[in-house]
Amino acid sequence: MPVNNAPRRAAIVGTGLIGGSIGLALREKGWWVVGSDLDEAVAAEALSRGALDAVGPPTDADITFVATPVSSAAAEAERALAAGNGLVTDVASVKAPIVAAVADSRFQGGQ
């Protein structure tokens, strides 16, 4: 249980359909969720629909979900890890190149 009963913190990189769905599910479970997207309008829409508590960079999260195209997933995972986040995972459809590119024990390729 988090200290002082503070909600667990999640970050989502890529707040479209899949990232937004993850955010909604986490918020229903009491998580505090921050999200970012290259398209600011997409992130704003996720915020207005209740999938996020805030729009911003993925920092200080217990878990970060990378929900971007495969071509940028490894780079986004590396950024999230460099920002000091806890566990980082992805929801990309292709695993081998992402897992091979991200050499950090805090990264777990999604299933």
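**Exercise 1. The two faces of β4**

Work out which residues of strand β4 (residues 63–66) point one way and which the other way, and whether they are buried or exposed.

*Solution.* Step 1: Keep in mind that this is a predicted model. Step 2: In a regular strand the side chains alternate between the two faces of the sheet. Step 3: Apply that pattern to β4: I63 and F65 point one way, while T64 and V66 point the other way. Step 4: Check the burial on both sides; all of these residues are buried.

**Exercise 2. The neighbours of β4**

Find out which strands pair with β4, beginning with β1 and moving on to β5.

*Solution.* Step 1: Strand β1 (residues 9–13) pairs with β4 in the parallel sense, over four bridges. One place to look is I63 in β4, the bridge partner of A10. Step 2: β4 and β5 also run parallel, joined by four bridges. Here I63 turns up again, with L87 in β5 as its bridge partner. Step 3: Follow the chain from β4 to β5: it passes through helix α3 (residues 70–82), and this β-α-β crossover is right-handed. Step 4: For one more match between these strands, look at T64, which stands opposite V88 in β5.

**Exercise 3. The whole sheet**

Place β4 in the order of the open sheet and name the edge strands.

*Solution.* Step 1: Six strands form the sheet, in the order β3-β2-β1-β4-β5-β6, with parallel pairing. Step 2: The edge strands, β3 and β6 (107–108), each pair on one side only.

**Exercise 4. Around α2**

Describe what happens at the start of α2 and just after α2.

*Solution.* Step 1: At the start, a side-chain oxygen of D39 comes to within 3.0 Å of the backbone nitrogen of A41. Step 2: Just after the helix, G50 has a positive phi of about 90 degrees. Step 3: R49 is also here, in the loop between α2 (40–48) and β3 (54–55).

**Exercise 5. Two loop residues**

Decide whether R49 and V91 are buried, partly exposed or exposed, then find how far apart they are in space.

*Solution.* Step 1: R49 has a relative accessible area of 62%; exposed means over 50%, so R49 is exposed. Step 2: V91 lies in the loop between β5 (87–90) and α4 (96–101). Its relative accessibility is 32%, so V91 counts as partly exposed. Step 3: V91 joins L17 and I18 in a nonpolar surface patch of about 300 Å². Step 4: From C-alpha to C-alpha, R49 and V91 are 21 Å apart in space, and they are 42 residues apart in sequence.

Methods: Residues numbered from 1 in each chain as written. Predicted model: local features only at pLDDT ≥ 70, side-chain atom pairs only at ≥ 80, totals over all residues. Heavy atoms only, no water. Patch = residues over 30% accessible without salt bridge, like charges linked within 9 Å, V, L, I, M, F, W, Y side chains within 5 Å. Areas by Shrake-Rupley, 256 points an atom, 1.4 Å probe, with all protein chains shown as cover. Salt bridge = Lys/Arg side-chain N within 4 Å of Asp/Glu carboxyl O. Helix = DSSP H or I, 4+ residues; strand = E, 2+ residues; numbered from the N terminus. Buried < 20%, exposed > 50% of the residue type's maximum accessible area, 1.4 Å probe, protein only. Pairing = 2+ DSSP bridges. Right-handed = clockwise from strand over helix to strand, strands pointing away. Polar contact = N/O pair within 3.5 Å; in protein donor to acceptor, adjacent residues only side chain to side chain.
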